[in-house]
There are 4 protein chains.
Amino acid sequence: MKTIDLNCDMGEGYGAYEIGQDDAMLEVVSTINLACGFHAGDFSIMSRLCREAATRGVAVGAHPGYPDLWGFGRRKMAFSDADLENIFAYQIGAAQAVARLNGHMLTHVKAHGALGHLVADEPRIGELFARVVARLDDALFVTSMTPRGFGDIAARAGLRVAHEIYADRAYMDDGRLMPRGQPGAVIHDAQEAVRRVLEMAEGRCIITATGKRIPAPVDSICVHGDSPQALPIARAIRDALEAAGWRIQPFCRA
Amino acid sequence: MKTIDLNCDMGEGYGAYEIGQDDAMLEVVSTINLACGFHAGDFSIMSRLCREAATRGVAVGAHPGYPDLWGFGRRKMAFSDADLENIFAYQIGAAQAVARLNGHMLTHVKAHGALGHLVADEPRIGELFARVVARLDDALFVTSMTPRGFGDIAARAGLRVAHEIYADRAYMDDGRLMPRGQPGAVIHDAQEAVRRVLEMAEGRCIITATGKRIPAPVDSICVHGDSPQALPIARAIRDALEAAGWRIQPFCRA
Amino acid sequence: MKTIDLNCDMGEGYGAYEIGQDDAMLEVVSTINLACGFHAGDFSIMSRLCREAATRGVAVGAHPGYPDLWGFGRRKMAFSDADLENIFAYQIGAAQAVARLNGHMLTHVKAHGALGHLVADEPRIGELFARVVARLDDALFVTSMTPRGFGDIAARAGLRVAHEIYADRAYMDDGRLMPRGQPGAVIHDAQEAVRRVLEMAEGRCIITATGKRIPAPVDSICVHGDSPQALPIARAIRDALEAAGWRIQPFCRA
Amino acid sequence: MKTIDLNCDMGEGYGAYEIGQDDAMLEVVSTINLACGFHAGDFSIMSRLCREAATRGVAVGAHPGYPDLWGFGRRKMAFSDADLENIFAYQIGAAQAVARLNGHMLTHVKAHGALGHLVADEPRIGELFARVVARLDDALFVTSMTPRGFGDIAARAGLRVAHEIYADRAYMDDGRLMPRGQPGAVIHDAQEAVRRVLEMAEGRCIITATGKRIPAPVDSICVHGDSPQALPIARAIRDALEAAGWRIQPFCRA
């Protein structure tokens with residue numbers, strides 16, 4: 001049976017604040033990326049979601065970001081490379097322990113926001129990130145948005161890599177995501193998102209805005225949880241994949 | 001050969017702020033309790049101290065506190081029991097990972113400040129704390145200030161316990177520390193501190209302000225790092241213990 | 001013409017986080033209480049709302065709370081009286097300046113959450129609060145939930161007092177709000193809330209859960225903005241008041 | 001009688017943390033720049049220093065910085081121009097109110113750290129800063145490090161400008177401070193600092209590292225408080241100035 005993963009960022013609230021519809025989304029995805037308390041999330045949100053995920057058989061990964069709650073981790077910040085190593089390690093360790101407290105365990109790490117862009121775009125930081133993850137637990141997966149770049153770096157560091165495509169984002173011909181500012185960068189139509197996802201999953205490729213097909217492993221589909229349409233889009237994708245014969249399960253079990 | 005441990009709270013700075021004389025104290029003690037970024041400390045201070053400790057053969061434990069940088073973890077705060085479990089797990093996990101990143105590993109956990117008082121004084125919280133530590137890693141030690149109370153709770157939870165005495169604090173006849181406000185609660189004179197420590201270590205007992213001797217295991221001597229006299233007192237204690245034939249080594253290796 | 005004020009807490013987001021429906025509520029109320037960046041709110045949320053309020057002729061007051069973003073200012077925290085004075089002054093000053101930057105000015109101060117309860121319930125803190133407000137600007141109003149208690153304290157301090165009733169909360173026979181935990185404490189039905197508000201405004205009294213009428217000045221009606229029904233309830237109250245011949249305007253202009 | 005001001009950054013602690021020797025320095029300087037709780041400082045440190053300054057006749061200004069306690073305001077951060085306006089206004093207002101609470105009043109504003117560099121180096125931000133200060137209180141002074149640049153911008157905005165020289169920093173031939181990294185940028189020798197200060201004050205000029213003299217108004221001498229030698233250097237400067245017939249008083253009273 002064909003298997004594929006659906007992943008979603010989650011636990012992005014803080015104290016009384018909420019972003020997204022975590023509980024409803026937990027019913028749809030097979031893997032979550034858990035904010036670790038620096039750009040969003042806190043010890044108790046993390047704990048509750050680990051427990052819920054354990055109950056449902058949903059895989060949990062750490063989603064570390066910059067220490068920047070106000071900026072939601074979306075701003076680049078000045079840190080030394082050593083600081084970045086420590087920022088990654090601290091958050092991954094916190095998430096590991098909170099998962100363990102709830103009878104669960106981390107399966108992967110995915111860097112958030114501006115830190116995620118740094119990992120994807122700057123080989124030195126990609127290497128640094130992979131090195132930290134490998135040193136903490138070389139059984140952890142990392143996710144990679146494109147077949148090349150960080151995916152290769154992580155593989156060289158001895159890590160397992162889950163390649164993911166984005167359900168609601170257009171790709172450029174170099175295989176990278178179109179920046180959010182550009183027209184057409186974000187796909188708001190559920191049917192369009194579903195159609196693209198099916199085509200990329202079946203074809204094991206990325207399809208760019210110009211229609212170009214770039215062969216690529218597709219282990220997981222990233223859906224977003226912080227827009228009003230996120231939930232119906234995610235459900236539509238899951239339904240369509242299952243109707244097409246795919247089994248949705250965590251990439252770590254593939 | 002008689003062995004004993006010297007422990008000290010450490011890494012209590014934050015960003016540009018410093019408290020205590022961490023580097024000098026690292027030369028004197030055999031075990032440090034590392035602030036974990038909630039009441040004090042940050043990812044990079046933690047990382048640097050783990051690396052230094054690894055180099056010197058100094059043992060490192062997590063020293064989790066309330067999320068209260070302004071109050072330095074000294075104020076009791078309103079959290080549910082579930083929140084407290086998560087607060088402990090998060091910080092312990094963060095410290096575990098930062099230690100591992102630097103080729104070191106955690107040997108113990110000691111709760112800080114108001115949270116430490118809660119653990120020592122409220123059996124329900126002591127049990128909660130021991131349960132969290134045991135669940136994360138049952139090879140971890142916890143420290144206990146008195147032979148009874150939390151020490152027993154932790155032992156029942158299957159944890160190893162390091163019993164510690166305080167070099168610079170007076171004891172009451174019930175075996176507890178005299179509250180800081182009371183006259184004579186803090187011992188400022190190095191010679192007096194040294195004399196008491198030797199007597200308690202040799203006698204395997206706590207000596208109270210009234211001269212009463214309470215039999216007690218003495219695995220470690222806690223010295224403080226945040227007063228100007230802390231360093232000379234700690235050095236005097238180490239010198240006196242070594243002169244009396246004690247070998248100073250981490251309690252986890254005893 | 002009969003005039004009355006409608007007030008609402010506002011600006012309770014932080015960075016990317018939002019609570020409530022500030023923009024829609026700004027169309028309904030005549031006065032807002034602006035979170036000042038300690039328990040919620042930030043410099044830019046405050047600034048945007050001051051500008052919007054100035055444009056609409058909506059009055060703005062400071063809504064200072066404990067420095068406790070995680071707890072949303074709802075937990076009592078340990079601070080000295082001097083600290084509390086400084087906590088109030090700091091936030092009020094910040095709000096004054098942000099209002100002035102946007103061509104607006106503060107009309108009142110209302111303490112938030114656990115700090116608000118302290119002001120209402122502990123005369124020493126009520127006096128402290130009134131003294132700070134009077135010292136910063138004795139033209140500022142303070143709000144008071146009940147005719148007695150803090151209202152009297154503030155008047156003695158030379159401050160102008162706006163007496164407010166709560167649209168969605170039941171009262172006890174001593175004139176105080178029924179604690180949230182008790183059955184019937186929160187009124188969820190819009191028609192019920194409207195009926196009560198009209199009766200209390202017309203009768204210049206508080207009506208308790210047992211039907212007792214306590215004579216009281218009613219300068220303002222507090223509606224809440226952080227529940228899903230908040231907006232329709234606030235609109236229904238405004239419509240009913242206007243239909244009954246009331247003119248809605250800031251209490252500071254009455 | 002010739003008069004001149006001595007100013008120093010102050011109140012840069014946070015909670016239990018301290019930086020510098022505020023109390024001793026308060027005896028030496030005539031004006032302090034008060035950290036406002038974003039990059040350093042808190043409501044109670046600010047309040048205590050305002051009270052002490054009021055008692056001693058020392059002038060107080062706001063010293064706003066980036067909201068970045070970890071980075072001590074020394075890192076450039078991504079904020080929109082509107083955010084920067086709000087960041088300035090919020091902190092200035094907070095400081096105004098805390099001063100007023102203590103019977104004192106603000107005399108000036110000086111931007112801190114990376115924000116100070118932005119104000120000095122980017123005319124658009126200099127204009128923004130001057131506009132915010134003028135809008136809040138056009139009787140406030142701003143400080144300017146060099147005769148040209150921000151000093152002119154502020155004067156055009158209708159603000160009064162206090163021109164300051166740095167006691168312990170070398171100047172380049174364009175009148176700007178030599179960056180800290182360069183050899184000779186920081187003057188550690190008290191006698192050298194004293195000699196330079198006297199020469200620049202008497203000559204009403206800046207003297208550069210190459211010996212060039214740039215005519216400049218000299219209203220105030222900035223001494224630093226966060227190095228171990230800061231206090232003896234500041235005292236030596238004050239003594240030498242007084243011996244040379246200068247009267248030390250706040251620039252706002254000149």
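The exercises below treat chain interfaces, helix packing and salt bridges in a predicted model.

Residues are numbered from 1 along each chain as its sequence is written, chains are lettered from A and ligands numbered from 1 in the order in which they are written. Local features need pLDDT of at least 70, side-chain atom pairs count only at pLDDT 80 or more, totals for chains, interfaces and linings use all residues, and side-chain values use heavy atoms, with hydrogens and water left out.

**Exercise 1. Describe the interface of chain B and chain A.**

Step 1. Count the residues in contact (heavy atoms within 4.5 Å). Chain B places 27 residues in contact with 27 residues of chain A.

Step 2. Find the buried area, which is the accessible area (1.4 Å probe) that two parts lose on being put together, summed over both. For chain B and chain A this is about 2,100 Å², and carbon and sulfur atoms give 65% of it. On the side of chain B, the most area is lost by B:Phe43, B:Tyr90 and B:Leu101, together 37% of what that side buries.

Step 3. Look for salt bridges (a side-chain nitrogen of Lys or Arg within 4 Å of a carboxyl oxygen of Asp or Glu). The rule finds zero salt bridges across this interface.

Step 4. Look for polar contacts. A polar contact is a pair of N or O atoms within 3.5 Å; within protein, one must be able to donate a hydrogen and the other to accept it, and residues adjacent in sequence count only if both atoms are side-chain atoms. Between chain B and chain A, twelve residue pairs are in polar contact, both residues at pLDDT 80 or more.

Step 5. Assign the residues to elements. Helices (H or I, at least four residues) and strands (E, at least two) are DSSP runs, numbered from the N terminus. Helix 2 (43-56), helix 3 (81-101) and helix 5 (123-136) of chain B each give two or more residues to the side that touches chain A. Helix 3 of chain B gives the most, with 13 residues.

Step 6. Sort by class: Ala, Val, Leu, Ile, Met, Phe, Trp, Tyr, Cys and Pro count as nonpolar, Asp, Glu, Lys and Arg as charged, and the others, Gly among them, as polar. The side of chain B that touches chain A has 15 nonpolar, eight polar and four charged residues.

**Exercise 2. Repeat the description for chain A and chain D.**

Step 1. Six residues of chain A touch six residues of chain D.

Step 2. The two chains bury about 560 Å² between them, with 63% on carbon and sulfur atoms. Of the area that chain A buries here, 61% comes from A:Trp70, A:Arg75 and A:Ala78, more than from any other three residues.

Step 3. Between chain A and chain D there are zero salt bridges, while two residue pairs are in polar contact, both at pLDDT 80 or more.

Step 4. The side of chain A that touches chain D has four nonpolar, no polar and two charged residues.

**Exercise 3. Determine how helix 5 of chain C packs on helix 3 of chain D.**

Step 1. Two packed helices are described by the angle between their axes and the distance between the axes. Axes are lines fitted to C-alpha atoms, for helices over the stretch in contact, and angles run from 0 to 180 degrees between N-to-C directions.

Step 2. The axes of helix 5 (residues 123-136) of chain C and helix 3 (residues 81-101) of chain D come within 9 Å and cross at roughly 105°.

Step 3. Angles under 35 degrees count as roughly parallel, over 145 as roughly antiparallel, 65 to 115 as roughly perpendicular and the rest as oblique. Helix 5 of chain C is therefore roughly perpendicular to helix 3 of chain D.

Step 4. C:Val132, C:Arg135 and C:Leu136 meet D:Ala97, D:Arg100 and D:Leu101. These divide into four nonpolar, no polar and two charged residues.

**Exercise 4. Locate the salt bridge of A:Arg238 and A:Glu242.**

Step 1. The side chains of A:Arg238 and A:Glu242 meet at 3.2 Å, N to O.

Step 2. Both residues lie in helix 8 (residues 230-243) of chain A; because they are four residues apart, about one helical turn separates them.

Step 3. Over all chains, the whole structure has 56 salt bridges.
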